[in-house]
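Welcome to a short set of exercises on reading a protein model. Take a look at the sequence and the structure, then work through each task with the solution beside you.

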Amino acid sequence: PPHRPRIHRLRARPSRRDRRLHRRRAPETAEGKGRWSSVVSPHRVKYAGAFAIKLRLTPTQVRAAAEQRWLDARALASSPTRRYTGTVYLCGIALDCLLKASLLEKHGRLASRSRETLSRDDQRIWDLIYRSHDLSEILARLPNVEDRIRHNNPATGERLVTALKSLCTRWTTHLRYSPTPLLKQDADDFLQKLSEVKKWLS
């Protein structure tokens, strides 16, 4: 029968079989001659690491992800195909990451705790970080964000806070299921508002 390639499940750590398959002879050194060392294939590390990031998030990691989604949104808006729904969706994901980074900083004690050991209120915060995408509720848990924007922008602070709340209210994860494409003005509005407020969340 024709050869069928073996399909591996992505893992954050290499399996015993991987370590056995990727063993190689180390160069001879003064400490030891030709000791064997395990080497994991680079492509496995790359993809396993990308898909394994689900829990134990850090503010730095989430802000870096926000910047990547922001760049993705801008790339979609300027692409020849003009994918405006994708632009708006990724703008929301970038904002989601920025707000969650602030929530992680405020509640850093939750990063190393399992949900079952937390109080009911802390469980809700844990859910907002790891499960929910309710931007309005996340923002409501961060009154210091609005205060900082107003304090640092006496002339335009209220307008920026209004823009931030508008983004949180209008965006929804259900955009991923919508077959109706958004318009250019929708994408431009999200890009403009997010570009104005994102620096106060970074």
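**Exercise 1.** In this predicted model, decide whether Cys 91 and Cys 168 are buried or exposed.

*Solution.* Start with Cys 91, whose relative accessible area is 2%. Buried means under 20%, so Cys 91 is buried. Now take Cys 168: its relative accessible area is 4%, and therefore Cys 168 is buried by the cut-off of under 20%.

**Exercise 2.** How many disulfides does a search of the whole structure find?

*Solution.* Recall that a disulfide is a covalent bond between the sulfur atoms of two cysteines. Searching the whole structure gives zero disulfides.

**Exercise 3.** Count the aromatic pairs, then describe the one formed by Tyr 89 and Trp 171.

*Solution.* The count comes to two aromatic pairs. In the pair of Tyr 89 and Trp 171, the centres are 5.8 Å apart and the planes make an angle of 35°. Planes under 30 degrees apart would be stacked and over 60 edge-to-face, so this pair is tilted. Next, find the partners along the chain: Tyr 89 sits in helix α4 (residues 84-106), while Trp 171 lies in the loop between α8 (157-170) and α9 (184-197). They are 82 residues apart, so the pair links distant parts of the chain. Both Tyr 89 and Trp 171 are buried.

**Exercise 4.** Why is the pair of Trp 126 and Tyr 130 called tilted?

*Solution.* The ring centres of Trp 126 and Tyr 130 are 4.8 Å apart, and the planes stand at 45°, so the pair is tilted. Trp 126 and Tyr 130 are four residues apart in helix α5 (residues 120-130), which means a separation of about one helical turn. Finally, check exposure: Trp 126 and Tyr 130 are both buried.

Conventions
Residues are numbered from 1 along each chain as its sequence is written. This is a predicted model: local features need pLDDT of at least 70, side-chain atom pairs count only at pLDDT 80 or more; totals for chains, interfaces and linings use all residues. Side-chain values use heavy atoms; hydrogens and water are left out. Rings of Phe, Tyr and Trp (its six-membered ring) pair if their centres lie within 6.5 Å; planes under 30 degrees apart count as stacked, over 60 as edge-to-face and the rest as tilted. Helices (H or I, at least four residues) and strands (E, at least two) are DSSP runs, numbered from the N terminus. Buried means under 20% relative accessible area, exposed over 50%, partly exposed in between (1.4 Å probe, protein chains only). A disulfide is a pair of cysteine sulfur atoms within 2.5 Å.
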